[in-house]
Amino acid sequence: QISVLNKIDPTIDHKEASFGAVVITNEQKIFVSISLGKFVYDNEEYFAISTLVPFYIPMKGKRKGETFRFREKEIEILDIF
């Protein structure tokens, strides 16, 4: 799993939900990387998920301000970096 994390380029300014992006939604903060679950960074709770988890699929490629549906719930993307 460390080798997958090493593929993340921290210099990329992500404009859409993709591998290596941090996606802030109205529900939670997500780091698209590997499936590690919940972690705390700078007193903020995040969830590290892989691109293979079901939650990522409807979010993939979405941009700030867009919405997607997951389990009958509408989720808004507030920011991506």
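Q: Which pattern does the chain follow when read along the sequence?
A: This is a predicted model, so let's start with the basic parts list. The secondary structure comes to 2 helices and 6 strands. Put in order along the sequence, they give the pattern α-β-β-β-β-α-β-β.

Q: In what order do the 6 strands sit in the open sheet?
A: The 6 strands form an open sheet, and its pairing is mixed. S3 (37-41) and S5 are the edge strands, each pairing on one side only. Neighbouring strands are turned by 40° against each other on average, direction ignored. Going across the sheet, the order is S3-S4-S2-S1-S6-S5.

Q: Which residue in S4 stands opposite Gly 37?
A: Take the edge strand S3, which covers residues 37-41. S3 and S4 pair in the antiparallel sense over 5 bridges. Opposite Gly 37, in S4, stands Ala 48.

Q: What radius of gyration does the chain have, and what would a compact globule with 81 residues have?
A: The C-alpha atoms fill a box of roughly 35 × 25 × 25 Å along the principal axes. For 81 residues, a compact globule would come out near 12 Å, and the chain agrees with that, because its own radius of gyration is 12 Å.

Q: What share of the contacts with a separation of 6 or more comes from residues 24 or more positions apart?
A: For some background, buried residues make up 32% of the 81 residues in the chain. Now for the contacts with a separation of 6 or more: residues 24 or more positions apart account for 39%.

Q: How is the aromatic pair of Phe 55 and Phe 68 arranged?
A: The whole structure holds 3 aromatic pairs. In the pair of Phe 55 and Phe 68, the centres are 5.6 Å apart and the planes make an angle of 75°. An angle over 60 degrees counts as edge-to-face, so that 75° makes this pair edge-to-face.

Q: How many residues apart are the parts that the pair of Phe 55 and Phe 70 ties together?
A: Phe 55 and Phe 70 are also an edge-to-face pair, at 5.0 Å centre to centre and 80° between the planes. Phe 55 lies in the loop between S4 and H2 while Phe 70 is in strand S5, so the pair ties together parts whose distance in sequence is 15 residues.

Q: Which residues do ring pairs link into a cluster?
A: Phe 55 and Phe 68 are both buried. Phe 70 is buried too, as is its partner Phe 55. Ring pairs join them into a cluster made of Phe 55, Phe 68 and Phe 70.

Q: Is Ser 50 buried or exposed?
A: Ser 50 is found in the loop between S4 and H2. Its side chain reaches the backbone nitrogen of Leu 52 at 3.1 Å. Leaving out residues up to four places away in sequence, Ser 50 touches Ser 33, Ile 34, Ser 35 and Tyr 56. With a relative accessible area of 13%, which is under the 20% cut-off, Ser 50 counts as buried.

Q: What does Asp 13 count as at 49% relative accessibility?
A: Asp 13 is found in the loop between helix H1 (2-5) and strand S1 (22-25). Exposed would take over 50%, so at 49% Asp 13 counts as partly exposed.

Q: Which residue's side chain does a polar contact of 2.9 Å join to that of Asp 13?
A: Asp 13 and Ile 80 are 67 residues apart along the chain, with their C-alpha atoms separated by 8.6 Å. The polar contact of 2.9 Å, though, joins the side chain of Asp 13 to that of Lys 15.

How values were computed:
Residues numbered from 1 in each chain as written. Predicted model: local features only at pLDDT ≥ 70, side-chain atom pairs only at ≥ 80, totals over all residues. Heavy atoms only, no water. Phe/Tyr/Trp six-rings, centres within 6.5 Å; stacked < 30°, edge-to-face > 60°. Buried < 20%, exposed > 50% of the residue type's maximum accessible area, 1.4 Å probe, protein only. Helix = DSSP H or I, 4+ residues; strand = E, 2+ residues; numbered from the N terminus. Pairing = 2+ DSSP bridges. Axes fitted to C-alpha atoms, helices over the stretch in contact; angles between N-to-C directions. Polar contact = N/O pair within 3.5 Å; in protein donor to acceptor, adjacent residues only side chain to side chain. Contact = heavy atoms within 4.5 Å. Rg over C-alpha atoms; globule rule 2.2 N^0.38 Å.
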